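Hi everyone, thanks for coming. Let's take a friendly first look at a structure that may be new to you.

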Amino acid sequence: MLTNVEHIGIAVRSLAASNELFTKLLNATPYKQEAVESEGVSTSFFKVNQTKIELLEATREDSAIAKFIEKKGEGIHHIAFEVEDIQAEMERLKNEGFVLLNETPRQGADNKLVCFLHPKGTNGVLVELCQEIR
Ligand code: CO
């Protein structure tokens with residue numbers, strides 16, 4: 001079951017510059033900064049009530065964020081939905097015909113197991129499922 005929009009991911013060229021910008025915009029400082037080596041990204045997280053904003057900067061040229069910015073520029077990269085049981089949700093969505101970008105949940109930032117859906121099957125929106133690691 002999807003429970004809520006957990007966060008919105010935004011691709012940025014410079015995490016340092018965007019941290020400053022979003023600190024002003026949201027009137028809050030990031031509560032967490034974390035590199036995810038396997039994904040080639042550095043992230044920082046802001047909280048607006050229950051909803052988080054995840055800023056993503058590429059740390060390698062071949063990271064998905066580097067390719068995204070090259071193609072589309074900075075901007076909204078993905079919408080992440082919180083799920084109670086990621087395996088069950090992945091199974092359900094697969095049966096509905098959605099294409100999963102990873103067949104098993106991956107370790108994401110912010111203590112989450114994550115799975116992405118191919119944007120070709122979701123009106124061009126990259127959708128992330130995330131489940132808190134308990
Ligand atoms: Co995310």
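One term before we start: a residue is called exposed when its relative accessible area is over 50%, and buried when that area is under 20%. Please also keep in mind that this is a predicted model.

With that cut-off, take Asn 123: its relative accessible area is 79%, so Asn 123 is exposed. You'll find Asn 123 in the loop between β7 and β8, and its phi is positive, near 55°. That catches the eye because most residues other than glycine have a negative phi.

Now, where does Asp 110 lie? Asp 110 sits in the loop between β6 and β7, and here too phi is positive, about 65°. But Asp 110 is buried, because its relative accessibility is 6%.

Asp 110 also has a partner: its side chain meets that of Lys 32 in a salt bridge, 2.8 Å from N to O. Lys 32 belongs to strand β2, 78 residues away in sequence, and counts as partly exposed at 27%.

Another salt bridge joins Lys 52 and Glu 6 at 2.7 Å. Lys 52 is in strand β4 and Glu 6 in strand β1, so this pair ties together parts 46 residues apart in sequence. Lys 52 is buried at 10%, and Glu 6 is buried at 3%.

Those four residues, with Lys 112 and Glu 132, are linked in a network of salt bridges. The whole structure has 10 salt bridges.

Last stop, the hairpin: β2 and β3 pair in the antiparallel sense over 5 bridges, with Val 36 opposite Val 41. Between these strands are 4 residues, and Gly 40 has a positive phi near 65°. Thanks for listening!

How values were computed. Residues numbered from 1 in each chain as written. Predicted model: local features only at pLDDT ≥ 70, side-chain atom pairs only at ≥ 80, totals over all residues. Heavy atoms only, no water. Pairing = 2+ DSSP bridges. Helix = DSSP H or I, 4+ residues; strand = E, 2+ residues; numbered from the N terminus. Buried < 20%, exposed > 50% of the residue type's maximum accessible area, 1.4 Å probe, protein only.
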